[in-house]
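The following note is addressed to a colleague beginning the study of protein structure. Please read each point with the model in view.

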Amino acid sequence: VPSAHTDVLSASPEDVPSKLRLVEEIKSRGRACVGCKNYPDAASLYTKGIEVLSSITDDESAKKEAAILYSNRSLVLLQMGKVSEALESADSACENDPTYVKAHWRRGQACNALGNTADALASFERALSLEPANKALKREVEAAKAKKEQEEKLLAAAKEAKEAEAEADIAEPPKLVSPAKKEAAKANTTKPTSSAKSSNKSSVKEDEDTDLFTSSDHVRGYKIRSDGKKTSFFDREISEESKQLIGDIAPKRIDPNAPTEDNAPKPLPVTEGTSAWNKAGTWEERDVTSWAKETLEAALLTSEYILPEGSPSPGARATVSKVSKFEGHASYATVRGKKRYIYEFAFTLDWVLTLGDDHTKTCHGKVTFPDVDGTVELGDGYDIVDYHVDGSSPAGTGPLLQRFVRDGGLRESIHNKIDDWVRLLRATY
């Protein structure tokens, strides 16, 4: 069956800019395939993207892009049940970019699926060390620790039971029965006599005769009804009480000139916002991407964080100045009267931190949010990649920016703005 993505899967760009543009297209299509659970196509797309990036040598940014594609492929392979291959892709993601949080996360998920709890815990802990504020990762670590403790208890209990069984076998060796005793036991076993067998057979035969052959009609498959008529044995006679419950079921002539009754079937009403053919309301989907992009971008631009007293730069203000590379879609579906919200976005934010002690000094940078979608629970936060600080930022501000832009502060404000937007989407539609 021809793929809908043959154009990109068969593409062979020559120069680096063309290759990078193809990879961006592949990532966009891959996200769409994952969103509609078309995992085989997503795996093919990510594999193609990895092949394209592998031809770009000695480029750290290409390795980071490859880590993202390997991580995404690990996700779809895991969904397809190809657990060992999912682990291999996650390992490759970690090798290409050891600082990529989601690479270690995917590795932990694959190890969990393979039943290797110890390795899963190690991967989750590594991911959490890279992103300590991630609530979802904290839950993964706690769950893996609890599972490991439970497994250790079960192994210890099994070991104790095996040791106890071995000690019991040594303390009480099995008793041997001599051949002479076995023969004596056989000799004492009583058997029914032939006369008893004969008596039992005759008794059974007499019972069969009296039960089966009292009426020749019964043998031929007839019976007598309550009105004295002979009928088939399988004929079911309806009692008077049953007839009263059923009522009059005799066919009646229909008068074509009779007026239509008020309780005649009426066409189902069409609910506002649904199509005429979908009167039952089983499925109705509406695209709201334009509204979603406009409102989400407006919400992101209001993100800000002011550093508190006691911080290295009290009063410093971090804000989002621009939203770029905004890709994705949003819609909602009405399924049997219930609404489901479907959205998936990726975008890059330009941020600015104005220092509190000298408002003329500013720090600039970018950060990308690759997966803002409905799989993230409100309050869990969102992953980031490609955190970058502009070279013009004042020296020595790195730790400050990591604490209040990358890991907390402004990032927490952005998370809250996204969550508020999700609530607005649900309230509006």
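**Notes on the predicted model**

1. The structure, which is a predicted model, holds one cavity of 30 Å³ or more. The space in the largest cavity amounts to about 60 Å³. As background, rolling a probe the size of a water molecule over the atoms shows where empty space is left.

2. Which residues line the largest cavity? The lining consists of W351, V367, F369, I384, V405, R406, L410, R411 and I414. By character, these lining residues divide into seven nonpolar and two charged, with no polar residue.

3. The lining may also be described by element. At least two lining residues come from each of β7 (362–373), α14 (398–406) and α15 (410–428). Of the contributors, α15 gives the most, with three residues.

4. The loop between β8 (385–389) and α14 contains S392. Is S392 buried or exposed? S392 has a relative accessible area of 53% and is therefore exposed, since the cut-off for that term is over 50%. The C-alpha atoms of S392 and G365 lie 9.5 Å apart in space, while the two residues are 27 apart in sequence.

5. A second loop residue, K37, is found between α2 (16–35) and α3 (39–54). Its relative accessible area of 62% means that K37 is exposed, because the value is over 50%. Along the chain, K37 and V76 are 39 residues apart, and their C-alpha atoms are separated by 8.7 Å.

6. The next two points concern helix pairs. Two packed helices are described by the angle between their axes and the distance between the axes. For helix α5 (residues 83–96) and α6, the axes come within 8 Å and cross at roughly 155 degrees. This makes α5 roughly antiparallel to α6, because angles over 145 degrees count as roughly antiparallel. The crossing of α5 and α6 is left-handed.

7. How do the axes of α6 and α7 cross, and at what angle? Helix α6 (residues 101–113) and helix α7 (residues 117–130) have axes that come within 8 Å and cross at roughly 160 degrees. Helices α6 and α7 are therefore roughly antiparallel to each other, by the cut-off of over 145 degrees. In passing α7, α6 makes a left-handed crossing.

8. For review, please locate three items in the model: the largest cavity, to whose lining α15 gives three residues; the exposed loop residue S392; and the left-handed crossing of α6 and α7.

Conventions
Residues numbered from 1 in each chain as written. Predicted model: local features only at pLDDT ≥ 70, side-chain atom pairs only at ≥ 80, totals over all residues. Heavy atoms only, no water. Helix = DSSP H or I, 4+ residues; strand = E, 2+ residues; numbered from the N terminus. Buried < 20%, exposed > 50% of the residue type's maximum accessible area, 1.4 Å probe, protein only. 1 Å grid on protein atoms, 1.4 Å probe; cavity = no way out; pocket = protein on both sides within 12 Å on 5 of 7 lines; lining within 4 Å. Points joined across faces, edges and corners; volume = space filled by probe spheres on them. Nonpolar A, V, L, I, M, F, W, Y, C, P; charged D, E, K, R; others polar. Axes fitted to C-alpha atoms, helices over the stretch in contact; angles between N-to-C directions. Parallel < 35°, antiparallel > 145°, perpendicular 65-115°, else oblique. Left-handed = near helix turned anticlockwise from the far one by under 90°.
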